[in-house]
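Dear colleague,

Please find below the structure for your review. My findings follow it.

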Amino acid sequence: ALAPKVQASTSGLSGQEIGNALYGLQRCGGAPAAGSEALRAILAALAEKVTSCAEPLSAQNVTNALQGLQTCSDGEEVQMLLFALVPKILEISDFSPQQIGVGLYGLNRLGDSSALREVLQALAQKLSESREEMPSANLGMALFGLQRCGDHRASRLALGALALKASRSEEPLTHQSLAMAFVGLQCFVECPELEAMLAALRQRVLACTEPLPAHAICTALYGLQRCSASPGARALLPAFARAVDSCREDFSERQLGSAFYGLRRCGGSEEARQVLAALARRLEGSAASGERAGPCQSQSVANMLYGLQCFSDCPELSAALKAIVPRVSACGEPFKNYEVAMALQGLTSCSEACPGALAVVAALVPKAASCEAPLSAHHLNMAFSGLQNLGTGPEVRGMIAALQIHIEKAGRALNSVLLTRVLEAMSGEEAEAALRALSGRGGGSRGGAAGAQRA
């Protein structure tokens, strides 16, 4: 009912009215379908009012407007509104870092788009122009808002401006703000702006006088998922290894899954192995005591294994795999197709000389066999990527047999080159049946190179 009234209104809205109207939408993003349609109509109507507003919007007006988007997902109406706000942002001469931090937080559910890039670039410019310090709480909020924005010039400009503010402040970060800050880094790969932010955050981590809580440690590690092999991340990892050991809390299965997942691109560095060893000790400790902070969940177990894909055979990996195997078997809920694929791809760097990897494969066989939804071609590419170096033993043959039905149903994107190489290296009925299934669906080398890269 509101949208038509806004559209039909002949008098323009003031800057304060626009800011207040959008601010009032901050809890509406999760509305059911009917409510979602109404929200989109209101956003479109307000975008027009922003465009036609003759008076400048104040910094607080824009902050309120952006904050109102914090539960909104991407959509045409949101893009219209962001485009409309860009010139209003650029007109403002007194944007404080605190207001910019709150405004960036409002973007936390929005993915990459041309409209978002323009807003980020405008906010980065205003942050660079400000000589004020940024409060630590707002730094965490600002970084949190970047978590889905993508890695591109505009997001790096925003990250660089935030890193400069972070480097000039000695105010400690609360544990919650620290966790939020690292969550915001999950889209970024190695770049100068990221290195500058990691260096600033490392000082905050080292300055912590109290042990970090489990959620802050695991959330921070999760945020490093695309950059954990970078110099800045490697410098941070030993501090997180110590934090895992000194934490006074139990770690939930979900938290541990997030922490392992954050290591998926660590390159198997010495620093990453320190974290892996600390996480393995946590897994072993909860298994030895017979107590876990929550039941085993297939997604958490899949995340743990998926995070191991850069680790080749080493004592730390063996310890982690030994602790994960009983968790695979203990999962009462069925594994989903992508969880089977993730778990197997996590073994990519393991060899057949690694007993823990083979034990994981054996434990996953009934999970793959009972998977309700078929594994897609991409899932099978991931699975065989994990199996390719594990030899031809009974564990691998058992998995091949479980995957046969999925091969028969797979689409054209299947990496036939990879599958054929793995299957032809082994003998036995399981491999022959899988090769027949591959041949029967028009196999061959089509899609091989692209599939191997995706896997």
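How are H22 and H23 oriented to each other, roughly parallel or roughly antiparallel? Before answering, I should state that the model is a predicted one.

**Packing of H22 and H23**

Helix H22 covers residues 416–424 and helix H23 covers residues 429–440. Their axes lie 9 Å apart, and the packing angle is about 155°. Angles over 145 degrees count as roughly antiparallel, and H22 and H23 are therefore roughly antiparallel to each other. The crossing in which H22 passes H23 is left-handed. On the H22 side, the contact is made by Ser416, Leu419, Thr420, Leu423 and Glu424; on the H23 side, Ala431, Ala434, Leu435 and Leu438 take part. Sorted by class, the residues of this contact are 6 nonpolar, 2 polar and 1 charged.

**Packing of H10 and H11**

Helix H10 (residues 175–183) packs with helix H11 (residues 192–206) at an angle of about 155°, and the two axes are 12 Å apart. H10 and H11 are therefore roughly antiparallel to each other. Here too the handedness can be given: H10 passes H11 in a left-handed crossing. From H10, the residues Leu178, Ala181 and Phe182 meet Leu198, Leu201, Arg204 and Val205 of H11. The contact of H10 with H11 comprises 6 nonpolar residues, no polar residues and 1 charged residue.

**Packing of H11 and H13**

H11 also packs with helix H13 (residues 231–246), at an angle of about 20° and with the axes 9 Å apart. That angle makes H11 roughly parallel to H13. The crossing of H11 past H13 is left-handed. H11 contributes Glu195, Leu198, Arg202, Val205 and Leu206 to this contact. The H13 residues that they meet are Pro231, Gly232, Ala233, Ala235, Leu236, Ala239, Phe240 and Arg242. Divided by class, the contact of H11 with H13 has 9 nonpolar, 1 polar and 3 charged residues. Leu198 and Val205 of H11 thus appear in the contact with H10 and in the contact with H13.

**The largest pocket**

How much space lies in the largest pocket? The computed value is about 310 Å³. The lining of this pocket consists of 13 residues, and those nearest its centre are Tyr222, Arg254, Gln255, Ser258 and Asn303. Helix H12 (214–223), helix H14 (253–261) and helix H16 (298–306) are the elements that give two or more residues to the lining. By class, the lining of the largest pocket holds 2 nonpolar, 10 polar and 1 charged residues.

**The cavity**

The structure has 1 cavity of 30 Å³ or more, and the volume of the largest cavity is about 30 Å³. Which residues line the largest cavity? They are Met134, Pro135, Ser136, Leu139, Lys165, Ala166, Ser169 and Arg204. Two elements, helix H8 (136–144) and helix H9 (153–167), give two or more residues to this lining. In terms of class, the cavity lining divides into 4 nonpolar, 2 polar and 2 charged residues. Arg204 links this part of the account with an earlier one: Arg204 lines the largest cavity, and Arg204 of H11 is also among the residues in the contact with H10.

Yours sincerely

Notes: Residues numbered from 1 in each chain as written. Predicted model: local features only at pLDDT ≥ 70, side-chain atom pairs only at ≥ 80, totals over all residues. Heavy atoms only, no water. 1 Å grid on protein atoms, 1.4 Å probe; cavity = no way out; pocket = protein on both sides within 12 Å on 5 of 7 lines; lining within 4 Å. Points joined across faces, edges and corners; volume = space filled by probe spheres on them. Helix = DSSP H or I, 4+ residues; strand = E, 2+ residues; numbered from the N terminus. Nonpolar A, V, L, I, M, F, W, Y, C, P; charged D, E, K, R; others polar. Axes fitted to C-alpha atoms, helices over the stretch in contact; angles between N-to-C directions. Parallel < 35°, antiparallel > 145°, perpendicular 65-115°, else oblique. Left-handed = near helix turned anticlockwise from the far one by under 90°. Contact = heavy atoms within 4.5 Å.
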